Structure formats: structure tokens, C-alpha cells
Amino acid sequence: MSALQPVPFLQLSDEYEALEAEWFAAIRESGHSGRFILGPHVQAFEHDAAAVLGTKHAIGVANGTDALVLSLRALGIGPGDEVITTPYTFFATVEAILQVGATPVFVDIQPGSFVIDAAQIPDRITSRTRAILPVHLFGCPADMGAIMGIAHDHDLRVIEDAAQAFGAKVADKSVGSIGDAGCFSFYPTKVLGCYGDGGMVTMDNEALAGRIRHLRNHCATEPFIHDGAGYNSRLDEIQAALLSIKLRNVDEAIAGSRRVADTYDELLSAVDVVRPARPRYGEHVFNLYTIRTAWRDAVRKALTDNGIASSVCYPKPLHLQEVCRSLGYAAGDLPVAEQLATEALSLPIFPGMTEAQIERVCRAIRQVL
Ligand SMILES: Cc1ncc(COP(=O)(O)O)c(C=O)c1O
């Protein structure tokens, strides 16, 4: 690659070209069969995803946000209930809690890994706390051993936001298979992404699976008969067909991103940036490679000047955003999240990223630091 070619944040087109023919064949088959909603492709994908993740059930839904909303509702969480979560995540995590009428209670994050600091959770538990909603952020698993212990001691439900972390592990368990429910997003940029919107909830509990299936399909008990107000939230056949194809190669994709992360770690080891921590209790899948530097804006400008994309995930912690104003948090309440929001910078990462591209990114960073 010439020095002048841009380095994208993410490259989806190579993968698309490799699987286009197989996907189009599946789409044609759906077209000819006339089965577009909750048909054989969704069933096959749900079966295969559950097997890969090690859960009894996997239920396709319309997107990752709905996966969270349906899980909260199916667990009976609503007005008057508190849900402990992180302020440092994509807004959908907190939006889902607000949508069901519950109250998010924020706990600060760990500076190395960006995930919720489990040691601080017990201090925030009240008589109204019903659940803990950890986020496996950027592909880094939260400390599920500690979180499950706290949940057990206080009789709390655990909903894992695994939107960014398909395939990440805690000990030998996949994220999404540890708590009461695991929520996945198949937004195109995710570890396992489709070419549109999609999501999934995983669980072992049969009754919970039944409630989520019921909620995703308008609370229908039989055609045109309803016993509640649910959602139209179904994964569609065309995306499910694609996800089944991509699922077969997801380990390879994860290995590709890990290779990029390893090279970044090596090339940035002598540079004055904080590299993302790898948890001792599990395996990171590097959906994002997010460094920390006090010179974030200067580094970002150098990257942009060199034609290299980057992203600030996330610029403002949620407890300080307008939408959470009524919760009463103030600047200084969650110092680690607030500090990291000024320092975090996500670098380009995708499975087919070349060594030359990685080197260009690191060279541009070294120009500043
Ligand atoms: C941590 C996290 N939770 C939830 C979601 C919501 O997923 P979706 O965009 O599929 O609704 C996302 C997606 O960006 C996410 O990153």
C-alpha cells in the first residue's frame, strides 16, 4: 500500500466479496420459498449460535438494543427497579434500562480495561437493585467471576451486554453464556456483524427463552391472538442466512483482530501511550483497539493528517449526558470514566489489516509522542 492511501477504521468490503455468492444463493432460496420471517435460516442460525456459545437457547431479535430491552422486560425489570451498570458504554446499554422504566445506577470503570469495576458494585446495591448489567466493552470481557458472586450473594439477575464481544471468554465460558441473559448486536461493525441490523439473546433458562420469544413476536400466543403488548423484534431471514455463513469463520476473524492487536502492542510498547489491558481472567476479542494518551487530540490530528481513520469511543460518559441529568450525577462522581473520556482513542482494526497499515498508524503516533 502506498503511503498516500487512506487507512480505514474498518474494512468490510473484502469479506463481503468472499461470501457474496453463498449469501446470494441463500437469499434466492428464501425468495423462492416465500419464507421471510422466522423461517429456516433464523432457526438454523439460532441453533448454531447457541452451540458455538454454549447456551441452551439463542433467540434472534431485530438489533442489540432490543436484545437488552427484551431481556430486562422478560426478567420483570421495570419502574421502581435499579439496574447497576457502567457509564462508559454505547448509549444503548443505558437507553434500554430507561426504556423499561428502570433506573440506571452507575459504577465506575477499571482504568486498564474500560470495563465496570466489580469491586465497587456492592457499595451501590440498595433494596431496589434488581440486576447488574455489565458490558464487555471493546471486546474485553467484564470480570464475570466477581460479578456472578456479587449477584448470587444479593439475589440479583445478571444481563450481559455482549454487543461488542462475540467470542470473548471468561475462563472457558463464552460471554453471553454466564449471566441470566446475554445480549448481542450484529450491527455491521461488530465482531460478528450482518449487513443491516440484527441482534440476539442467549440463555439456558427455558422459561426465560419462552418469554423472550413471546415478546419478540407481539406477545402472540397463536396467530392474531395476543396476551400482552410486546414488540416486532425479529431477526430477518436474509441477515440470519448471512450470519450462519459468517459464524463458520468467526474464529478466524477473531484471530485476525488479535494478530493486529498483538502487533500494535509490540510496535507501541516503547511509545508513551497506555495500551488496552488484557484481563487475567479471560480473552479479549479486540472489536476495538483503544489506547489512552493525554495528547489524544494531537495524536488524532496526526492520524487524520496521514490519512488514517480513528474514533473517540466515547467522548462523554453517560452519567454526565443530558439524558441522565435527572439521575443527579455531577462531574467528579465517576472519576475514572471521566478521565478516560478525555484520553481514549480507538485505532483502526480489522481482521485483514496489513502489517504495513499497522506500521503506518504507529509511525503517525510516534510523530507526536
Ligand atoms: C455496548 C453496546 N450495547 C448495545 C448496542 C446496541 O446494539 P444495536 O446497535 O444492534 O442496537 C451496541 C451497538 O452499538 C453496543 O456497542
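Colleague: Which residues does Ala220 touch, not counting residues up to four places away in sequence?

Modeller: Ala220 touches Ile225 and His226. Keep in mind that this is a predicted model.

Colleague: Where does Ala220 lie?

Modeller: Ala220 lies in strand β10, residues 220–222. Gln367 is 147 residues away from Ala220 in sequence, and the two C-alpha atoms are 60 Å apart in space.

Colleague: Why is Ala220 called partly exposed?

Modeller: Count the C-beta neighbours. Ala220 has 15 inside 10 Å. A buried residue needs 20 or more, and an exposed one has 12 or fewer. The count of 15 falls in between, so Ala220 is partly exposed.

Colleague: What makes Asn306 partly exposed?

Modeller: Asn306 has 17 other C-beta atoms within 10 Å. The bounds are again 12 or fewer for exposed and 20 or more for buried. Asn306, with 17, is therefore partly exposed.

Colleague: Where is Asn306, and what does it touch?

Modeller: Asn306 sits in the loop between α9 and α10 (335–343). Leaving out residues up to four places away in sequence, Asn306 touches Arg360 and Ala364. Asn306 and Arg363 are 57 residues apart in sequence, with 9.7 Å from C-alpha to C-alpha.

Colleague: Why are α9 and α11 called oblique to each other?

Modeller: Helix α9 (residues 296–305) and helix α11 (residues 355–368) pack at about 135°, and their axes are 9 Å apart. Angles over 145 degrees count as roughly antiparallel, and 65 to 115 as roughly perpendicular. An angle of about 135° fits neither range, nor the one under 35 degrees for roughly parallel, so the pair is oblique. The crossing of α9 past α11 is right-handed.

Colleague: Which residues make that contact of α9 and α11?

Modeller: From α9 come Ala298, Val299, Ala302 and Leu303. From α11 come Val361, Ala364, Ile365, Gln367 and Val368.

Colleague: What classes of residue does the contact of α9 with α11 have?

Modeller: The contact has eight nonpolar residues, one polar and no charged. Gln367 is on the α11 side. Gln is not on the nonpolar or charged list, so Gln367 counts as polar.

Colleague: How is the chain divided?

Modeller: Domain 1 takes 13–107 + 114–248, and domain 2 takes 250–368. Their centres are 24 Å apart, taken over C-alpha atoms. Domain 1 brings 27 residues to the contact and domain 2 brings 24.

Colleague: Which elements each supply at least two residues of the side of domain 1 that touches domain 2?

Modeller: They are β3 (103–106), β6 (169–170) and α7 (237–248). By class, that side of domain 1 has 18 nonpolar, four polar and five charged residues.

Definitions and conventions: Residues are numbered from 1 along each chain as its sequence is written. This is a predicted model: local features need pLDDT of at least 70, side-chain atom pairs count only at pLDDT 80 or more; totals for chains, interfaces and linings use all residues. Domain bounds come from an automatic or database domain assignment. Two residues are in contact if their C-beta atoms, placed from the backbone, lie within 7 Å. Helices (H or I, at least four residues) and strands (E, at least two) are DSSP runs, numbered from the N terminus. Axes are lines fitted to C-alpha atoms, for helices over the stretch in contact, and angles run from 0 to 180 degrees between N-to-C directions. A crossing is left-handed if the near helix is turned anticlockwise from the far one by less than a right angle, and right-handed if clockwise.
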